[in-house]
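Me: I would be grateful for a close look at a single part of this structure, explained for a first-year student. Please describe how the strands are arranged and paired.

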Amino acid sequence: NPNKFPMILQLFYLLLLPYLQAFQFYSSHFRIPQVHLKPIISLLDPSASSSTSLSASSDENGSDPDSDTFSASALSSLAARIATIQQTEVKKSSNLSRNWREGFWTVRGFEISSEEYDDPMDSVVTDVEEGFKKMKEKIAAKGTGEDDEKLPEPTITAVILMEGQSSIVVGRSDGTVFSVKVGSEAYASFVKKQAIALNPTGSVSMRTDFVREEDLITSTTNMKEEKAEEESEETKFDILMHNSLWPGGIVAMACLDETTFAVATSTPSIHILSTSPKVHPITVPTPNLTPIGVSKLTSDCFVVAYDDGTVQTIRQRGTTAIYFPRDTICFSTKAPLTSLSATPTHVYVGNSEGEIFIAKIDPLDFQLEKIDSATFKPFPSCAVTALHSVEGGTLSSKISEEDDQDDSTTTVLLAGSENGEVKQYEIIPTQGGDVTHWPRLKNQKLKRRAHVFEGNNVKITNIVGDHSKVITACEDGSVRFYSPRDGRQCSYTMDGLDGITQMSLGEEMLITNGMEKGFVCIHDFGIIEDSVDFGVVEMDD
């Protein structure tokens, strides 16, 4: 995290400080080449370089006149700066935890419309609440006019927050993919515009661009100039890249690193894309099967699951993508696969009959191997509609107090069902490289964690989470927050969304679709103001 780098560097410097002072003492008495510390101090604390924190003097015993010696004010200034940085980081972390726990967040977002540019927006939105209201008004206005398009608008079928939280990738049912820079403004709308493109052969053709609606305003008013000062500190949403190569809809996507992501389409086809328009897509030669999910393994390797039970790992090598027959397995399931999740060591898939299958991954060549003994059925009468795995030993692998097994390699597996149930399991390594799940029986419990979460009898469409929270999306448009420790719902929920199916979780943000068609919502929990409560919906007791 770049924001933490200065503090880490300064702490590292304090650890070295006694050794540097000792070396300086001996070098001044035994004529060892001097170590000049002023550049280091200037790097860590710029204010110290312009103050009296360092003093250069000539040693009476004949030491090098250019040697640097510490003063008490230098150490005091540096210690105060380090303490301030530490306090800021602690306060920020505490504030963020509180916001997630108690439900303080703001909402902003953008719309990618398939309509040709028509009437400009009547104003430029700069206020968060005004922007959210504007999004609702545009949604309500759609479908009421006589000139509405007869063809249905594409819906958002996949959304991911890229590493670094600087861009969002959106996939739609018409096969288009957009990379959008995350902005701080309340609302932005992108519309189609026809443009002339010059081909490499010299010919001219028409192409479709997506541009900000407000940028197309042709009015002679000074609206933009009047708003310039208000928007000076805002970062605008911006489409970095859009691609429309595939006739089939986008089924799933997975972030591989800060700029690269994998895409599965219903055509069917698999592709590797970049958020930069200068990088050409990589098409992966895959079997003629329908993909149901994509999940990251490493920055250059991902796993794809198909509805017939086939699972394969795909690796990127420069500008090509490869896979070998040994990288493909097929689970013996009569019911189609419906969900996928993966860690660098294991793959988890669920099917429409409530079963979960597990395969292990060779860390050297990413070869897959089924673990038939690990198959289990958490939902006897309905489909597994969502899976999410979190590695890191968040649950204890000790079955009893006498068991001294190390829990550092355990994995949390969360499963959501068609009837609204959510269950939490611990995946525990066993001898021979296999794994088992816990609990195995209804009367067994997890240690320090809940096994069954409170449900709402509505289909679970997506699950995300980490060690401190579990978030579920439901078919009725609600987003529910749970404590993984006791399985109870938190004191708030997100309502008002429409058929939400996609979520992507960052350190400070939750990205969702669900505001009809082409709207993407950014729920920002990184706010600082204690009084901000916009977006909070209190639950009834």
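Reply: In this predicted model, strands 23, 24, 25 and 26 form an open sheet of 4 strands, in the order 23-24-25-26 and with antiparallel pairing. Strand 23 (384-391) and strand 26 (435-438) are the edge strands, each of which pairs on one side only. From one strand to the next, the twist averages 25°. Strand 25 (residues 422-429) is joined to strand 26 by 4 bridges, and the two run antiparallel. In this pairing, Ile427 stands opposite His437 of strand 26.

Strand 12 (residues 269-274) offers another case of antiparallel pairing. With strand 11 (residues 260-265), strand 12 shares 6 bridges, and these two strands run antiparallel. Strands 11 and 12 form a hairpin, with 3 residues between them. Strand 12 also pairs with strand 13 (residues 282-284), in the antiparallel sense and over 3 bridges. Ile272 of strand 12 takes part in both descriptions: Ala262 stands opposite Ile272, and Ile272 stands opposite Ile282 in strand 13.

The surroundings of strand 12 can be described residue by residue. In a regular strand, side chains alternate between the two faces of the sheet. On one side of strand 12 are Ser269, His271 and Leu273, and on the other are Ile270, Ile272 and Ser274. Both faces are covered, as all of these residues are buried. Strand 12 is accordingly described as mostly covered, with 6 of its 6 residues buried.

Note on methods
Residues are numbered from 1 along each chain as its sequence is written. This is a predicted model: local features need pLDDT of at least 70, side-chain atom pairs count only at pLDDT 80 or more; totals for chains, interfaces and linings use all residues. Side-chain values use heavy atoms; hydrogens and water are left out. Two strands pair if DSSP finds at least two bridges between them. Axes are lines fitted to C-alpha atoms, for helices over the stretch in contact, and angles run from 0 to 180 degrees between N-to-C directions. Buried means under 20% relative accessible area, exposed over 50%, partly exposed in between (1.4 Å probe, protein chains only).
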